[in-house]
Amino acid sequence: WPVFAPYVKAINDLKRERNAVILAHNYQTPEIYNCVADFVGDSLQLAREAAKVKADVIVQGGVHFMAETSKILSPEKTVLIPDMRAGCSLAQAITGEDVRLLRERYPGVPVVVYVNTSAEVKAESDICCTSSNALQVVESLGTDTVIFLPDQYLAKYVASQTKVKIIAWQGACEVHERFTGDELRVYRESDPSLQIIAHPECPPDVIAEADFTGSTAHMIDWVRNNKPKRVVMVTECSMADNVQAELPDIEFVRPCNLCPHMKRITLPKILESLVYMQEEVVVDPVIAENARRSVERMINLKN
Ligand code: 13P
Ligand code: SF4
């Protein structure tokens, strides 16, 4: 990719100068994922890395709630996001005040919040979870009911796997809610050997069509381990692009959907971010302390 080469060199040089690392989510474009990221992963892996990475600066290749999570876990580091507008429809779906009202309505019921939330929402919760550990987190609480926020589809998926009663919210990921079971059935009918793997933010009729459901990292591991001939990754488009570079013999069949927020992060913006040390992500220290309790409680759960 000669067009990217000057950016890649400049970014990698500046990273050394600033003692910076780039933590990139699996939905980042291949040139970010392959050429400048120091660490790639799903939300849980990125949070674990942010908590232990040795650097002065973290540049988040991802969306705002991910950068906030890094800041919560590494308050002494400078955390930069190359575009402050990189949001998330799930993080937008609920506020701290909503959580306080739910607690009044369901006294004593623990609150599990998905990592795709603002620091303010995490600060109101008992424990955080990601798509890779949601079931484990829900069952770790030892109660017969939990409040699970804000993704209605992840909540339904967890509810289908456990006896714990789930009180859900109405949020949804704008990328995953657009897939339908009908469109997947059309693909499957044209090739019965086609493998379909889906993210648990998808609606139940999509998950019903899937041969495997898991977080982005678990989906990648599934493809690495099973090496299907043809596979649909029912998730954000960059996932297939990134795995394709590693596994060229596999045919990645569309559909996929783009996340407009993830796609706001580009090589030129990462470079600008490192040149000007912008935009810095700041979290109110009291909110950060309460949110950290919730995220660390998740991270400290035994695997
Ligand atoms: P994971 O990578 O944790 O599965 O999250 C998916 C996602 O939608 C992040 O925004
Ligand atoms: Fe949010 Fe969905 Fe985009 Fe992930 S893919 S950042 S959950 S809108």
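**Exercise 1. The shell of ligand 1**

How many residues of the shell around ligand 1 are nonpolar, polar and charged?

*Solution.* Start with the conventions. This is a predicted model, in which local features need pLDDT of at least 70, side-chain atom pairs count only at pLDDT 80 or more, and totals for chains, interfaces and linings use all residues. Residues are numbered from 1 along each chain as its sequence is written, while chains are lettered from A and ligands numbered from 1 in the order in which they are written.

Next, list the shell (a residue is near a molecule if its C-beta atom, placed from the backbone, lies within 6 Å of it). Around ligand 1 stand Asn 26, Asp 42, Ser 43, Asn 116, Thr 130, Ser 131, Ser 132, Cys 173, Glu 201, Ser 215 and Thr 216.

Then apply the classes. Ala, Val, Leu, Ile, Met, Phe, Trp, Tyr, Cys and Pro are nonpolar; Asp, Glu, Lys and Arg are charged; the others, Gly among them, are polar. The result is one nonpolar, eight polar and two charged.

**Exercise 2. The shell of ligand 2**

Find which residues are closest to ligand 2, and sort its shell by class.

*Solution.* The shell holds 13 residues, with Val 63, Cys 88, Cys 173, Val 175 and Cys 259 the closest. By class, seven are nonpolar, three polar and three charged.

**Exercise 3. A parallel sheet**

Work out which strands stand at the edges of the open four-stranded sheet.

*Solution.* Fix the elements. Helices (H or I, at least four residues) and strands (E, at least two) are DSSP runs, numbered from the N terminus. Two strands pair if DSSP finds at least two bridges between them.

Read the order: 10-9-11-12, with parallel pairing. Strand 10 (212-213) and strand 12 (251-253) are the edges; each has a single partner strand, so one side of each lacks a neighbour in the sheet.

Check one pair. Strand 11 (residues 230-234) joins strand 12 in the parallel sense over three bridges. Arg 230 has Glu 251 in strand 12 as its bridge partner.

**Exercise 4. Domains 2 and 3**

State the domain bounds, then describe the contact between domain 2 and domain 3.

*Solution.* Bounds come from an automatic or database domain assignment. It gives domain 1 (2-87 + 263-282), domain 2 (91-173) and domain 3 (176-258). Over C-alpha atoms, the centres of domain 2 and domain 3 are 26 Å apart.

Count the contact (C-beta atoms, placed from the backbone, within 7 Å). Domain 2 gives ten residues and domain 3 gives 14 residues. The domain 2 side has five nonpolar, three polar and two charged residues.

Methods: Two residues are in contact if their C-beta atoms, placed from the backbone, lie within 7 Å.
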